[in-house]
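Trainee: Could you walk me through the empty spaces in this one? I have not looked at it before.

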Amino acid sequence: MHKEHPWKLIYKRFEPEEESLREVLCTLGNGYFGTRGAAPETVPTEMHYPGTYVAGLYNRLSTNIAGRTIYNEDLVNCPNWTYLTFKVRDGVWFSPSATRILSFHQELDMRYGKFVRKILCQMPHGRRTWIHETRIVSMANPHIAAIKYEITPDNYSDYISVRSMLDGAVLNMNVERYRQLNFNHWSSHVLGKFTRNGVYLGVKTSQSRIELYEAAKLRIFSGAKELKPTIEIIRHGNQVVGQEFRIFAKKHQTCSIEKTVSIFTSKDKGVKNAKLDAVKAAKKLPKFDVLFTLHAKAWKKLWDEFDIEIEGDVFSQQVLRLHMFHLLQAASPHNKDIDAGLPARGLHGEAYRGHVFWDEIFVLPFFNLHMPQISKALLLYRYKRLEKARQYAIDNGFKGAMFPWQSGSSGREETQVVHLNPRSGKWGPDYSRNQRHVSFAISYNVWNYWRVTNDLDFLEKYGAEIILSIAKFACSLCEYDAKKKKYHVRGVMGPDEFHEKFPGISLPGLIDNAYTNVLIVWTLKKAQEILKLVSKKRAAQLKKKLKLTEYETGRWERVIRKMRIIIDSNGIIAQFKGYFKLKELDWARYKKKYKNIHRMDRILKAEGKSPDNYKMAKQADVLMIFYLLTLEEVETIFKAAGYNFNSKLLKKNYDYYIKRTSHGSTLSKVVHCFVSQKVGKAKAFWDWFVEVLKSDIYDTQGGTTTEGIHAGVMGGSLDIAIRGFAGIQVTDSGIEVNPKLPRKWRRMKFNIFYKGQSLAFDIKKSRIKISLKKHVSVAGKLPIKVNSKKYLITPGSTIAVTLAK
């Protein structure tokens, strides 16, 4: 169990069954690569998994499953650079799981981006030894990592041997259900020595042919004195290279080993020879304390921009900072030089094979408001794969650009053809690629970035083309029903994922998924605005390039005004056509029988039943509309299509669907949390928020966090804090603020970025202060609404508004 602390995760006991979760939560990264917080003395076992992942480093393998060959592209587990251990005289090498632990302290220090362990262990012959490890993955230099490993004999003086390795005998084995698939991604290894105290290891992926080199240098100190013992180079075949030395350690005198490492790949921007760059960088690396100082300064700059301060609730403060910390490790300012998207599970594990999904729709609002250049880098990953999206649309009989549900290195569809049900042990078809809404999530992300930044250069060069290309695809999805005078959308899957097709129908896909249809209309409306926002010259260029005719843009308007949305007489929006004809599920019986029913689909399939037959959802589907769009936006879309909708009907839909959702995705908690506030359920809002915070730190999904963080739920928690509690809504017309701090929070302070200007918010229950910082390139007053009243803030000034109790 961790201890609550505003800046740290602290563990006071060594608990083997908790190690795999702690390794994820204590992961260190910098956007370029991430390394799990496994003890350096360990190798992969069921208890430990010391994985390292480089952003965008994928490899594709084939496997024969159920009589067919399937292909899967994975984010590759890279050689383990952390391995470092010791033994006393001729004893056994230290491993925490095989040694008696007398005292244990482990912490993740988020303020300084460091991982710390302090252990007192009892080794053979009663020898007690203190081990103090400090680890960083440099935020100052994305290619550098370092460990300071301090050994102090507590009740003896004797010889100790130290072993350090770069381990290239690594496999992708983090996710148990993937182990039936091929998992060895490295085809060749090169290793050697570059100085008396330095070694290197080079590997190459088997299919993508990406080279990766790690170079490690050791420094040894006794107290303040640097030692230069004879270092023996050890090799295990051609996959592992290590260093070993022996020194005499005196009682109560600390021996420090500093292991500094550089990592480069052949896909890195500006890298011509990964080996030379890795070795050159490692040779120049200074002492650990120098590296740490630079690293801590880089983190301070990030916290100055990103931190959200909470007074009165240590748990909320701790977890919100944990979420900020891990998102900044998955994508950072370094991403401007990295061609990679944001994996749904970060750089923290191998779940979802390291693929990029729609989860960024929950994360980018956080980056937009604090450091939009990170959002821009992630959006450019999509732009660079626009041609692939166009080809994917053509291959499926559509126009425009259809982005894949799962994306990896190239932008092709990476969704599995078959998927393992771990409950039944059977492989079945995977239809999740029919979630066409991922494309509309991308258009939403592009528009939101533009709305917050006013980055017209990005819009002209990249953003407009993305949205217009997706609009072409959206329109081509729509079929006109002359009899009903409405447009329909067939063959899709909503966010729910439990429903793959309608009962009795052999073809996969649903008709008129409400979320998909509304997002299509929203995308088409924004495409219309895009053509007015960009210059006339650029609009003409894009129309020509995309073959965008007047007939097609005219059809956009017809779709907007005649889109089919199914609403029953009680005002309930049908998740899809035929939804109301499905059976009700006996939720109480299944909860009593199975306890955990998050994955009701797997339970039903294991029983020989189909989730397609029931009114049940994995996660928010209809309600997702109201997470993304304001009630005013929804009313406008519905009214244009000939339907009425208001806040009373939203409450009805919330009450209806919450009873029929299993919350098999952490994202479901985020959406229900935010929507519960919209319908005035204050207690439910807080209860859901606590569930959102607990998702990863307590692994409430039952073992999934050990395979990587849930980036979406982490971003969602921060979005709820800003949009929900602080009440900040960035709309097309500006910023509106309606604070609603929870009972436990006394104060909330943070900065945001908006159209080139930086604002500081200081919110208490009785008042709010908003300061507009002076900026050389931006002048003029900024309009802002606080509780519906308009204010103008002058750069360099602060406004204070009294809030009604």
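Trainee: Which residues line the second largest cavity?
Mentor: In this predicted model, its lining consists of Asp74, Asn172, Tyr178, Leu181, Asn182, Phe183, His185, Glu350 and Arg353. They divide into three nonpolar, three polar and three charged residues.

Trainee: What volume does the second largest cavity have?
Mentor: About 60 Å³.

Trainee: And how many cavities of 30 Å³ or more are there?
Mentor: The structure has seven of them. The largest cavity has a volume of about 220 Å³.

Trainee: What lies nearest the centre of the largest cavity?
Mentor: Pro365, Asn448, Asp719, Arg723 and Gln729, out of 17 lining residues. By kind, the lining of the largest cavity splits into nine nonpolar, four polar and four charged residues.

Trainee: Which helices and strands supply at least two residues each to that lining?
Mentor: Helices H5 (360-370), H8 (437-453), H15 (624-628) and H20 (711-725) do, and so does strand S26 (728-731).

Trainee: Let's switch to pockets. How much space lies in the second largest pocket?
Mentor: About 620 Å³. The second largest pocket is lined by 24 residues, and Thr630, Leu631, Glu632, Lys678 and Gln729 are the closest to its centre.

Trainee: Which element gives the most to the lining of that pocket?
Mentor: Strand S26, with four residues. Helices H16 (631-640), H17 (647-658), H18 (666-678) and H20 also supply at least two each.

Trainee: How do the lining residues of the second largest pocket divide?
Mentor: Into seven nonpolar, nine polar and eight charged.

Technical notes:
Residues are numbered from 1 along each chain as its sequence is written. This is a predicted model: local features need pLDDT of at least 70, side-chain atom pairs count only at pLDDT 80 or more; totals for chains, interfaces and linings use all residues. Side-chain values use heavy atoms; hydrogens and water are left out. On a 1 Å grid over the protein atoms alone, a cavity is a set of points where a 1.4 Å probe fits but cannot get out, and a pocket is an open set with protein on both sides within 12 Å along at least five of seven lines; lining residues have an atom within 4 Å of a point. Grid points are joined across faces, edges and corners, and a volume is the space filled by probe spheres set on the points. Ala, Val, Leu, Ile, Met, Phe, Trp, Tyr, Cys and Pro count as nonpolar, Asp, Glu, Lys and Arg as charged, and the others, Gly among them, as polar.
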